[in-house]
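User: Please take a close look at a single part of the structure shown below, and then place that part in its wider setting. A connected account in formal terms would be welcome.

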Amino acid sequence: MSISKIIVYPNKKLRQKSKKVSKFDNKLKILVKNMFDTMYYFKGIGLAAIQININKSVIIVDLKKNNNKIILINPKIIKKSGSIETQEGCLSIPNFFYSIKRYNKIYVKARNINGKRIKLKSKGLLSICIQHEIDHTKGKLFVDYI
């Protein structure tokens, strides 16, 4: 188990745009495992690599705690619809929550841990979480919506 330090706002590194991943090797698998360890330790449901000071376009999500691990590398939203509003928080902005409006349904293209192209449809909380984490890869934080 490897727990990484979470970068906390207003650290400027959180504003960096993440670099695209081009090598799908064992180092990437270790990074993803460390990200899950860190996310579970801090009781989160999503994490972007930039939040642990790794400038790579990698996000993870798990709404059910070890049951539904989602790994998206170089994710991009290609279709979106509807709207939903809910309280959001962020491991990089501890103890702050705010109601944010996002798309209810999204369609994402990305790569999996082995580099294979994948597509994922999501709605509701999963959609919100994925959008939140993709924002991190763009240097955007949920407080920017306020």
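Analyst:
**One residue and its setting**

Apart from its neighbours within four places in sequence, Ser 92 is in contact (heavy atoms within 4.5 Å) with Ile 6, Ile 7, Val 8, Tyr 9, Leu 14 and Gln 51. The model is a predicted one, in which local features need pLDDT of at least 70 and side-chain atom pairs count only at pLDDT 80 or more, whereas totals for chains, interfaces and linings use all residues. Residues are numbered from 1 along each chain as its sequence is written, and side-chain values use heavy atoms, with hydrogens and water left out.

Ser 92 sits in the loop between strand S4 (84–90) and strand S5 (93–102); helices (H or I, at least four residues) and strands (E, at least two) are DSSP runs, numbered from the N terminus. Its relative accessibility is 0%, so Ser 92 counts as buried (buried means under 20% relative accessible area, exposed over 50%, partly exposed in between, with a 1.4 Å probe and protein chains only). Two of its contacts involve polar atoms. The side chain of Ser 92 reaches the backbone oxygen of Ile 7 at 2.8 Å, and it makes a polar contact with the side chain of Gln 51 at 3.0 Å. A polar contact is a pair of N or O atoms within 3.5 Å; within protein, one must be able to donate a hydrogen and the other to accept it, and residues adjacent in sequence count only if both atoms are side-chain atoms.

A second loop residue offers a parallel view. Asn 112 lies in the loop between S6 and S7. A polar atom of the Asn 112 side chain is 2.8 Å from the backbone nitrogen of Asn 114. Beyond its neighbours within four places in sequence, Asn 112 touches Phe 24, Ile 73 and Ile 118.

The strands that flank this second loop belong to an open sheet of five strands, in the order S1-S2-S3-S6-S7, with antiparallel pairing (two strands pair if DSSP finds at least two bridges between them). S1 and strand S7 (117–123) stand at the edges with a single partner strand each, so one side of each is left without a neighbour in the sheet. On average, and with direction ignored, neighbouring strands of this sheet are turned by 35 degrees against each other. Axes are lines fitted to C-alpha atoms, for helices over the stretch in contact, and angles run from 0 to 180 degrees between N-to-C directions.

Within the sheet, S1 is joined to S2 by three bridges, and Gly 46 has Val 61 in S2 as its bridge partner. S2 is joined in turn to S3 by four bridges, again antiparallel; here Val 61 stands opposite Ile 70 in S3. Helix H1 packs on the sheet, touching S1, S2 and S3, and its direction makes about 45 degrees with that of S2. Helix H2 (residues 124–137) also packs on the sheet, where it touches S1, S2, S3, strand S6 (105–111) and S7, at about 155 degrees to the direction of S2. From S2, Val 58 and Ile 60 point one way and Ile 59 and Val 61 the other, and all are buried.

The two helices may be taken in turn. H1 comprises 16 residues (26–41), which at 1.5 Å a residue should span 22 Å, and its end C-alpha atoms are indeed 22 Å apart; the expected span is 1.5 Å times one less than the number of residues. At its N-terminal end H1 is capped by Asp 25, a side-chain oxygen of which lies 3.3 Å from the backbone nitrogen of Lys 27. The buried residues of H1 include Leu 28, Leu 31, Met 35 and Phe 36, and the buried set packs against strand S1 (46–48), strand S2 (58–61) and strand S3 (70–81). Lys 43, which follows H1, has a positive phi near 60 degrees.

H2, with 14 residues, reaches 21 Å from its first C-alpha to its last, close to the 20 Å expected. Of those 14 residues, 13 are buried, so H2 is largely enclosed by the rest of the structure. Just after H2, Gly 139 takes a positive phi of about 80 degrees.
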